[in-house]
Amino acid sequence: MNEALKALGYAAPVESRDVSIQAPDIAEDGASVAVSAACSLAGVKQIMFLLDSAPTALAAVFNLGTELEAEVSTRLRLARSSVVFAVAITQDKKVLFAQKEVKVAMGACGADAKPARGLRADSVSSAPVRC
């Protein structure tokens, strides 16, 4: 995450209780995982989602106007279990984040369709996922 933010021109992020992230503990299907993030501080200009397990860490970016409430929702594609980071950038260039680990039972791409650690193979849906 630090390298991705540095490449985008931002300072090192600081974990903050002012940023919250909601995502399932276990996603049955990684092809469409609902996530949302919010920041309680005023002056948030951007919220982004980053993944620790993807070749490209940046998964989504939302540019916000100062008059908007800093709360966003989207769906991410996860090929495997991952830590999902919600990062809020404020007008005064503070970089704050929260994180949540999401275990994926069925990967977004069929080749990775293995049960996450701690899940039994017979507890995982065997519906095919197309990439």
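I began with the weak stretch. Over residues 110-131, pLDDT stays under 50. The model still has 37 contacts beyond four places in sequence for residues 110-131. I remind myself that this is a predicted model. Where pLDDT is low, the predicted coordinates should not be read in detail. I leave that stretch there.

Next I looked up confidence for the chain. The mean pLDDT of the protein chain is 82. I note that 81% of its residues reach 70 or more. Which element has the highest confidence? I find E2 at the top, with a mean of 97. Helix H1, residues 2-7, is lowest at a mean of 84.

Then I turned to the cores. I find 25 residues in the largest nonpolar core. Those with the most contacts inside it are Val-19, Val-44, Ile-47, Phe-49, Leu-76, Val-84 and Val-102. Which elements give two or more residues to this core? I list strands E2 (19-22), E4 (33-39), E5 (44-51), E7 (71-76), E8 (82-90) and E9 (95-104). Apart from this core lies another, of 10 residues. Val-83, Phe-85, Ile-89 and Phe-97 are among them. In soluble globular proteins, nonpolar side chains tend to be buried together.

Last, I picked one residue, Ser-82, which I find in strand E8. Is Ser-82 buried or exposed? Its relative accessibility is 3%, so I enter Ser-82 as buried; the cut-off for buried is under 20%. I also looked up its neighbours. Leaving out residues up to four places away in sequence, Ser-82 touches Leu-51, Asp-52, Ser-53, Lys-100, Glu-101 and Val-102. With Ser-53 there is a polar contact, side chain to side chain, at 3.1 Å.

Notes. Residues numbered from 1 in each chain as written. Predicted model: local features only at pLDDT ≥ 70, side-chain atom pairs only at ≥ 80, totals over all residues. Heavy atoms only, no water. Core = buried A, V, L, I, M, F, W, Y, C linked by side-chain atoms within 4.5 Å. Buried < 20%, exposed > 50% of the residue type's maximum accessible area, 1.4 Å probe, protein only. Helix = DSSP H or I, 4+ residues; strand = E, 2+ residues; numbered from the N terminus. pLDDT = per-residue confidence, 0-100. Contact = heavy atoms within 4.5 Å. Polar contact = N/O pair within 3.5 Å; in protein donor to acceptor, adjacent residues only side chain to side chain.
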